[in-house]
Amino acid sequence: MNTNNAPATPAPRRKIALVAHDRRKQDLREWARFNRDELARHDLFATGTTGRLLSEDLGLPVTCFQSGPLGGDQQIGARIADGDIDLLIFLWDPMESQPHDHDVKALLRIAVVWNIPVACNRASADFLISSPMMDEPSAESMPDGVPRPHSVLADSWS
């Protein structure tokens, strides 16, 4: 609540990566439709098919990378390391081995290393998207001793 009659600071636009394995795509689509209005306030990124489906379902722009097995997970991981992804919604399939399991593990690892919020199921995605912290300015997150590369996102935090 703004009590000093100053104009309220607009909520920051987060850069949200959305990824889902084949058997989890329907879950992500349902979750995204339910949260469409909140997602519309942010910049959305996704791997190949997932991004195309979400863009069609939501009528929102989604920056699409390659399909996960073709390097899309690695592309998102690189954006995280560059400071250009703020949070990751990754509905992965724990019941089925993926041909790119090493890339999946690397993506989850880089998200932890760079200290960005990660949701791996609908319940945790609900907690993240509804968190009051979504409306607060972020502090830079980086591994100990590693300088943050220059990024537009980091500039917006200062």
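These legends describe close-up views of a predicted model.

**View 1. The whole protein alternates between strands and helices along much of its sequence pattern, β-α-α-β-α-β-α-β-α-β-α-α.** The protein has seven helices and five strands. Of its 158 residues, 43% are buried. The accessible surface comes to about 8900 Å². Carbon and sulfur atoms hold 55% of that surface. Now consider the contacts with a separation of 6 or more: residues 24 or more positions apart account for 71% of them.

**View 2. Five strands form an open sheet.** Their order is 3-2-1-4-5, and the pairing is parallel. Strand 3 and strand 5 stand at the edges. Each has a single partner strand, so one side of each is left without a neighbour in the sheet.

**View 3. Strand 1 pairs with strand 4.** The two strands run in the parallel sense. Five bridges join the pair. Look for Ala 17: opposite this residue stands Leu 88, in strand 4.

**View 4. Helix 6 has a buried side and another side with exposed residues.** The helix spans residues 122-130. Ala 125, Leu 128 and Ile 129 are buried. These three cover an arc of only 90 degrees around the axis, which puts them on the same side of helix 6. Phe 127 and Ser 130 are on the other side, and both are exposed.

**View 5. The buried residues of helix 6 pack against strands and helices.** The strand partners are strand 1 (15-20), strand 4 (87-91) and strand 5 (118-119). The helix partners are helix 1 (25-34) and helix 2 (36-39).

**View 6. Asn 121 caps the N-terminal end of helix 6.** Find the side chain of Asn 121 and the backbone of Ala 123. A side-chain oxygen of Asn 121 lies 3.2 Å from the backbone nitrogen of Ala 123.

**View 7. Phe 45 and Phe 65 form an aromatic pair.** A search of the whole structure finds one such pair. The ring centres of Phe 45 and Phe 65 are 6.2 Å apart. Their planes meet at 15 degrees, so the pair is stacked; the cut-off for stacking is under 30 degrees. Phe 45 lies in strand 2 (residues 43-46). Phe 65 lies in the loop between strand 3 (62-64) and helix 4 (72-81). The pair therefore ties together parts that are 20 residues apart in sequence.

**View 8. Both partners of the ring pair, Phe 45 and Phe 65, are buried.** Buried means under 20% relative accessible area. Phe 45 has 6% relative accessibility, so Phe 45 counts as buried. Phe 65 has 14%, so Phe 65 counts as buried too.

Methods. Residues are numbered from 1 along each chain as its sequence is written. This is a predicted model: local features need pLDDT of at least 70, side-chain atom pairs count only at pLDDT 80 or more; totals for chains, interfaces and linings use all residues. Side-chain values use heavy atoms; hydrogens and water are left out. Buried means under 20% relative accessible area, exposed over 50%, partly exposed in between (1.4 Å probe, protein chains only). Helices (H or I, at least four residues) and strands (E, at least two) are DSSP runs, numbered from the N terminus. The arc is that of the directions from the helix axis to the C-beta atoms. Contact means heavy atoms within 4.5 Å. A polar contact is a pair of N or O atoms within 3.5 Å; within protein, one must be able to donate a hydrogen and the other to accept it, and residues adjacent in sequence count only if both atoms are side-chain atoms. Rings of Phe, Tyr and Trp (its six-membered ring) pair if their centres lie within 6.5 Å; planes under 30 degrees apart count as stacked, over 60 as edge-to-face and the rest as tilted. Accessible areas come from the Shrake-Rupley method with a 1.4 Å probe; for residues, only the protein chains shown count as cover. Two strands pair if DSSP finds at least two bridges between them.
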